[in-house]
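Me: I'm new to this one and would like a quick tour. Can we look at it together?

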Amino acid sequence: MAALQSGLLARAASWVKPGGTLVFSTCSLEPQEGEAQLARFLAEHPEFAILPISPDELPLGIAPRDDGSLRLLPGVLADVGGLDGFFIVRLRRS
């Protein structure tokens, strides 16, 4: 799915105006569909940068990663029903 996601992400990015925001999210635990996809995208699209997710935007018990993205694993918030695995990042176009 990484190749398909790459094409979708690049296409969506072309629609974002300067100053606009793009959210990339995938319900996958595979790094090549999340973190590696992000690294490749940023290398190919230097006009985009991570707009960090802040802790106050998230439910208690969930924290963003150091780079401002979010990786959720199954079992997170298990006491209220749990979650699937996700990778989420918010990007801003300069």
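Me: Which residue in β4 stands opposite Phe48?
Reply: Bear in mind that this is a predicted model. Strands β2 and β4 pair in the antiparallel sense, over 3 bridges. Within β4, the residue opposite Phe48 is Arg93.

Me: What is the bridge partner of Val23 in β4?
Reply: Val23 belongs to β1, which covers residues 21–26. β1 and β4 run antiparallel and share 6 bridges. In β4, Val23 has as its bridge partner Arg90.

Me: And what about Arg71, which residue is its bridge partner in β4?
Reply: Strand β3 spans residues 70–72, and 3 bridges join it to β4 in an antiparallel arrangement. Arg71's bridge partner in β4 is Phe87.

Me: Why are the buried residues of α2 on the same side of the helix?
Reply: Helix α2 takes in residues 35–44, and its Gln37, Leu38 and Phe41 are buried. Those three sit on the same side of α2 because they cover an arc around the axis of only 100°.

Me: Which elements do those buried residues of α2 pack against?
Reply: The protein has 2 helices and 4 strands to choose from. Along the chain from the N terminus, they come in the order α-β-α-β-β-β. The buried residues of α2 pack against α1, β1, β2 and β4.

Me: What share of the protein's residues is buried?
Reply: Here a residue is called buried when its relative accessible area is under 20%. The protein has 94 residues, and the buried share is 33%.

How values were computed
Residues are numbered from 1 along each chain as its sequence is written. This is a predicted model: local features need pLDDT of at least 70, side-chain atom pairs count only at pLDDT 80 or more; totals for chains, interfaces and linings use all residues. Side-chain values use heavy atoms; hydrogens and water are left out. Buried means under 20% relative accessible area, exposed over 50%, partly exposed in between (1.4 Å probe, protein chains only). The arc is that of the directions from the helix axis to the C-beta atoms. Contact means heavy atoms within 4.5 Å. Two strands pair if DSSP finds at least two bridges between them.
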